[in-house]
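Got your viewer open? Load the model, switch to cartoon, and keep the selection box handy for the stops that follow.

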Amino acid sequence: MRELASDRAVVLGEYILDTGATVRATAKVFKISKSTVHKDVTERLSHDNPQLHKLVKEVLEKNKQERHIRGGMATKRKYKGI
């Protein structure tokens with residue numbers, strides 16, 4: 001079972017790195033919970049593949065810095081009726 005989680009963490013990390021996707025978007029694509037994605041790419045990946053973890057961490061940090069902008073745009077679309 002541990003091997004499956006490790007492999008999944010690498011696949012998720014590569015997907016986030018390739019697409020720049022958020023944790024929520026990644027969870028939706030792979031049909032798993034966002035908690036699982038977050039745990040895989042932060043904890044498991046740091047032990048199994050530190051180089052990939054470092055790169056994924058940069059993408060996640062960028063997404064975190066931009067989330068207030070995306071939230072504002074979503075609210076704008078909601079009230080505009082788009």
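Select D40 first: is D40 buried or exposed? D40 is buried, with a relative accessible area of 0%. For the whole tour, buried means under 20% relative accessible area, exposed means over 50%, and partly exposed is in between, using a 1.4 Å probe and protein chains only.

A word on what you're looking at: this is a predicted model, where local features need pLDDT of at least 70 and side-chain atom pairs count only at pLDDT 80 or more, while totals for chains, interfaces and linings use all residues. Residues are numbered from 1 along each chain as its sequence is written, and side-chain values use heavy atoms, with hydrogens and water left out.

**Zoom out**

Show the whole cartoon. You'll find 4 helices and 0 strands, running α-α-α-α from the N terminus on. These are DSSP runs numbered from the N terminus (helices: H or I, at least four residues; strands: E, at least two). The C-alpha atoms fill a box of roughly 45 × 25 × 20 Å along the principal axes. Of the 82 residues, 26% count as buried.

Now turn on the surface. The chain exposes about 6,000 Å², with carbon and sulfur atoms supplying 57% of it; that area comes from the Shrake-Rupley method with a 1.4 Å probe.

**Into the core**

Hide the surface and select A9, L12, I16, V23, A27, V37, V41, L45, L52, V56, V59 and L60. Those 12 residues make up the largest nonpolar core, meaning a set of buried Ala, Val, Leu, Ile, Met, Phe, Trp, Tyr and Cys residues joined through side-chain atoms within 4.5 Å. Color by element and you'll see that α1 (2-19), α2 (23-30), α3 (34-48) and α4 (50-80) each give two or more residues to this core. Helix α4 gives the most, with 4 residues.

Stay here and center on L45. Leaving out residues up to four places away in sequence, L45 touches A9, V10, G13, D40, P50, L52, H53 and V56; a contact here is heavy atoms within 4.5 Å. Across the chain, residues 24 or more positions apart account for 58% of the contacts with a separation of 6 or more.

**Following the charges**

D40 turned up among the neighbors of L45, so go back to D40, which is buried, and add R8. Their side chains meet in a salt bridge at 2.5 Å, N to O. The pair links distant parts of the chain, with R8 in helix α1 and D40 in helix α3, 32 residues apart. R8, unlike its buried partner, is partly exposed, at 32% relative accessible area.

What counts as a salt bridge? A side-chain nitrogen of Lys or Arg within 4 Å of a carboxyl oxygen of Asp or Glu. By this rule the count comes to 5.

Next, select K39 and E43, another salt bridge, at 3.2 Å, N to O. Both lie in helix α3, 4 residues apart, about one turn of the helix. K39 is partly exposed at 37% relative accessibility, and E43 is partly exposed at 42%.

Then slide over to E66 and K62, whose side chains meet at 3.7 Å, N to O. This pair lies in helix α4, again 4 residues apart, about one turn of the helix. E66 is partly exposed at 29%, and so is K62 at 46%. For the last selection, pick R8, D40 and R44: salt bridges that share partners join them into one network.
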